[in-house]
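Trainee: Could you walk me through one part of this structure in detail? I would like a close look at the place where the ligand sits.

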Amino acid sequence: MSKEPLQLAIIGCGGMAQGHLRGYQQVHEKEPDRFRLVAMCDPVRERAEEFAARTEVWQGTRPRVYTEVEALLQAEDLDGADIVTPHHLHHLVGVACLEAGVNVLIEKPIGVTVKATQAIIEAARRRGKIAATAENIRRGPCQRAAHWGLNTAQFIGEPRLFFAQHAGYHLPDPEHPWHWRVDKFFGGGGLVLDSGAHFCDTIRYLYGEVDTVYAQVTQWEEHPHLKEGRVVPDAREDTWVATLTFESGLVGVWSWTGVARAHSFTNLVTYGSKGALVDYGDVFHGPFGKAEWKLADGTVKPMREVIDEFLGSLSEEERQRLFPYGFTDGVVLEVYDFIDALATERPPEIDAEEGLKAKAIGEAIYESAYCGQAVKVADVISGQVEGYQREINERWGL
Ligand SMILES: NC(=O)c1ccc[n+]([C@@H]2O[C@H](COP(=O)([O-])OP(=O)(O)OC[C@H]3O[C@@H](n4cnc5c(N)ncnc54)[C@H](O)[C@@H]3O)[C@@H](O)[C@H]2O)c1
């Protein structure tokens, strides 16, 4: 067993890290002696200071503040680091931590490319440390219940087909300030990889491995951003249509556009041999609580009912593993999973290899569009197909 309390740090104290910090606070309320947040690191010192001050209120001790990862790793004897930085830093910071003997929890979409993710996986193997992917969506009660309803209760029989489609008009205003996300080298891609990382993880979780992808990815409009007084274009796609063929034979169509004028629609449905799972959310984070299971005999089961059935089916051990202390928020659960994995020396639910398999689906979409052909996800993982990612890999020395 590792020493407790575990010594933890948050690296990157921006938007999403706020959710992580709330997660640590909730875990601390239940298990006050299991960990200490001993350090916060962000090049913007005020952000790290603010995180430290907020932590002191509930932890009683104030984390030390760093503006550079190297200084953090030199000064602290950490058990784990929670990396919530821009995508291009995930592998740079992740590998530095692992090489220093520190376990890591890294935000989705794990590495900025497949190679970047493999560098994280290799460093974790080399040092015998945990590299976990911070993926919160599949941990929610709806996703857990959907997994149970599809695979155990088999309400809709054999899943055959899904459509996850959205068309809307979502243009940033031209005065929108530049952000690392709009740059291909920093972000690695647009919504396919960003919010799309959640969807790619969820479809693997619900339907199994994706075998082949054929996709078109387009940027119809420029979406300018303001950077230091200059107008710079947004490098991200505003449209994609992807056909995904799973090893099970299931076929899915995943499409999104933010430049659909005059008419919007969202269509989210999985068809099986005995019915359909119809969702009323978005194409990234579902299924949602409003979803319905429509069966061929006319029965309609609201998702809320299915969640109750699913929860009722769990043994005490399963309930404690999936929803410890009754937590249902995916971010709290991912943080808890990381802490518990470190403390009990077990693998986390979604390690970096799992993160890579989800990430490779998004990369396969870009790669297919780049080469104009269907691509196998396995060839994207092996590096045989790398055209879209090559310049990002070169930029980061991968
Ligand atoms: N799970 C989710 O629902 C969800 C939602 C939003 C973002 N995210 C993910 O969280 C990560 C961060 O996104 P964000 O929206 O918080 O971005 P952000 O820009 O708000 O925050 C990033 C932070 O990292 C800091 N940073 C930059 N360089 C650093 C370095 N060298 N060392 C330490 N810190 C550094 C920045 O100063 C900033 O404070 C991304 O991987 C993103 O995809 C996940």
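Mentor: Happy to; here is a tour of the ligand site, with a short stop at the cavities afterwards. Keep in mind that this is a predicted model.

Let's start with the surroundings. The ligand has 26 residues around it, and Met16, Asp42, Arg47, His87 and Lys108 are the closest. Sorted by class, this shell holds 11 nonpolar, nine polar and six charged residues. Two parts of the protein contribute: domain 1 (6-136 + 329-349) and domain 2 (138-322) both supply residues to the shell, so the ligand lies between them.

Now for the individual contacts, where oxygen atoms of the ligand come into play. Lys108, already listed among the closest residues, places a polar side-chain atom 2.8 Å from a ligand oxygen. At Gly15 the partner is a polar backbone atom, 2.9 Å from an oxygen atom of the ligand. His179 again uses its side chain, with a polar atom 3.2 Å from a ligand oxygen. On its own the ligand has 840 Å² of accessible area, and the protein covers 82% of that.

What about empty space? The space that the ligand takes up is the largest pocket. Cavities are counted separately, and there are two of 30 Å³ or more. The largest cavity has a volume of about 200 Å³. Its lining is made of 16 residues, with Phe199, Tyr207, Thr270, Asp279 and Pro287 nearest the centre.

How values were computed: Residues are numbered from 1 along each chain as its sequence is written. This is a predicted model: local features need pLDDT of at least 70, side-chain atom pairs count only at pLDDT 80 or more; totals for chains, interfaces and linings use all residues. Side-chain values use heavy atoms; hydrogens and water are left out. A residue is near a molecule or strand if one of its heavy atoms lies within 4 Å of it. A polar contact is a pair of N or O atoms within 3.5 Å; within protein, one must be able to donate a hydrogen and the other to accept it, and residues adjacent in sequence count only if both atoms are side-chain atoms. Accessible areas come from the Shrake-Rupley method with a 1.4 Å probe; for residues, only the protein chains shown count as cover. On a 1 Å grid over the protein atoms alone, a cavity is a set of points where a 1.4 Å probe fits but cannot get out, and a pocket is an open set with protein on both sides within 12 Å along at least five of seven lines; lining residues have an atom within 4 Å of a point. A molecule sits in a cavity or pocket if more than half of its atoms lie within 2 Å of its grid points. Ala, Val, Leu, Ile, Met, Phe, Trp, Tyr, Cys and Pro count as nonpolar, Asp, Glu, Lys and Arg as charged, and the others, Gly among them, as polar. Domain bounds come from an automatic or database domain assignment. Grid points are joined across faces, edges and corners, and a volume is the space filled by probe spheres set on the points.
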